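The following report describes the fold, the nonpolar core, the helix packing and the main pocket of one chain, together with selected residues.

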Amino acid sequence: MTTKKYFQLFWKMLTLSAFTFGGGYVIVSMMKQEFVDRLGWIEDDEMLNLIAIAQSSPGAVAVNGSMLVGYRIGGFKGAVISVLGTILPPFIILSVISVFYTQFRSNRYINAFLTGMQPAIAAIIVDVVLSLGWNIIKEKKITFILVMILAFLATYWGNVNLLLILLASGVVGGIYSLVSSKKTSKEGHTDAL
């Protein structure tokens with residue numbers, strides 16, 4: 001990977017992190033738009049896998065996601081550069097805010113600005129959910145569609161712990177992969193005969 005590409009990775013993560021408000025899920029959606037849709041550095045399915053790993057790992061989703069994306073694009077050095085680009089803006093912004101906390105807390109303009117951003121953040125998250133969900137539906141694998149629906153129902157109405165949902169989904173995915181690989185190997189074996 002060239003120095004120019006490392007710098008581009010750092011700059012993309014820095015700008016995404018600096019101008020993305022609303023938490024890890026928003027920056028993950030922006031990473032998808034940037035690295036999958038615009039630059040084509042990562043495939044759609046692979047980005048979905050990286051997001052799943054980032055969500056199921058301990059720590060901030062934005063940092064986990066940027067580490068995985070950076071590693072996928074540029075190895076260990078790419079992961080370090082990507083994480084630095086991701087953590088620098090919030091670190092600087094929060095350091096400034098902490099110094100002037102009392103002034104920020106009581107400023108009605110800042111409160112109005114943050115309140116006004118909430119609908120846009122919700123729209124961005126909905127966009128990611130729909131685009132990633134549509135990718136699962138396009139595969140036409142009933143098992144994955146059912147897992148997606150059941151995970152939503154368990155979260156929304158069942159108030160089930162996210163960790164349990166992720167573990168159950170991982171188990172179903174593992175079983176599905178084992179069954180699929182056995183089926184493929186049997187078909188390949190019968191074709192060879």
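Helices (H or I, at least four residues) and strands (E, at least two) are DSSP runs, numbered from the N terminus. The model is a predicted one: local features need pLDDT of at least 70, side-chain atom pairs count only at pLDDT 80 or more, and totals for chains, interfaces and linings use all residues. Residues are numbered from 1 along each chain as its sequence is written, and side-chain values use heavy atoms, with hydrogens and water left out.

**Overall fold**

The chain contains eight helices and zero strands. Its C-alpha trace spans about 75 × 50 × 25 Å along the principal axes. Of its 193 residues, 27% count as buried, where buried means under 20% relative accessible area, exposed over 50%, and partly exposed in between (1.4 Å probe, protein chains only). Contact means heavy atoms within 4.5 Å; among contacts between residues at least 6 apart in sequence, 55% join residues at least 24 apart.

**Nonpolar core**

A nonpolar core is a set of buried Ala, Val, Leu, Ile, Met, Phe, Trp, Tyr and Cys residues joined through side-chain atoms within 4.5 Å. The largest such core has 19 residues, of which Met31, Phe35, Ile42, Met47, Val69 and Ile73 touch the most other members. Helices α1 (3-18), α2 (24-38), α3 (44-56), α4 and α6 (108-138) each supply at least two residues of this core, and the largest share, five residues, comes from α2. Apart from residues up to four places away in sequence, Phe35 touches nine residues' worth of surroundings that include Leu9, Met13, Trp41, Ile42, Val69 and Ile73.

**Selected residues**

| Residue | Location | Relative accessible area |
|---|---|---|
| Ser82 | helix α4 (residues 61-99) | 0%, buried |
| Asn64 | helix α4 | 12%, buried |
| Phe19 | loop between α1 and α2 | 67%, exposed |

Leaving aside neighbours within four places in sequence, Ser82 is in contact with Leu9, Met13, Ser66, Met67 and Gly70. With residues up to four places away again not counted, Asn64 touches Ala54, Ser57, Pro58 and Gly59. The C-alpha atoms of Phe19 and Pro89 are separated by 8.7 Å, although these residues are 70 residues apart along the chain.

**Packing of α6 and α7**

Helices α6 and α7 (residues 142-156) pack at an angle of about 145°, with their axes 8 Å apart. Axes are lines fitted to C-alpha atoms, for helices over the stretch in contact, and angles run from 0 to 180 degrees between N-to-C directions. Gly133, Ile136 and Ile137 in α6 meet Phe144, Ile145 and Met148 in α7. By class, this contact has five nonpolar, one polar and no charged residues; Ala, Val, Leu, Ile, Met, Phe, Trp, Tyr, Cys and Pro count as nonpolar, Asp, Glu, Lys and Arg as charged, and the others, Gly among them, as polar.

**Largest pocket**

On a 1 Å grid over the protein atoms alone, a pocket is an open set of points where a 1.4 Å probe fits, with protein on both sides within 12 Å along at least five of seven lines; lining residues have an atom within 4 Å of a point. The largest pocket has a volume of about 1,600 Å³, a volume being the space filled by probe spheres set on the points, which are joined across faces, edges and corners. Its lining comprises 34 residues, with Leu48, Ala52, Gln55, Ile136 and Met148 nearest the centre. Helices α2, α3, α6, α7 and α8 (162-192) each supply at least two lining residues, and α6 gives the largest share, nine residues. The lining divides into 23 nonpolar, nine polar and two charged residues.
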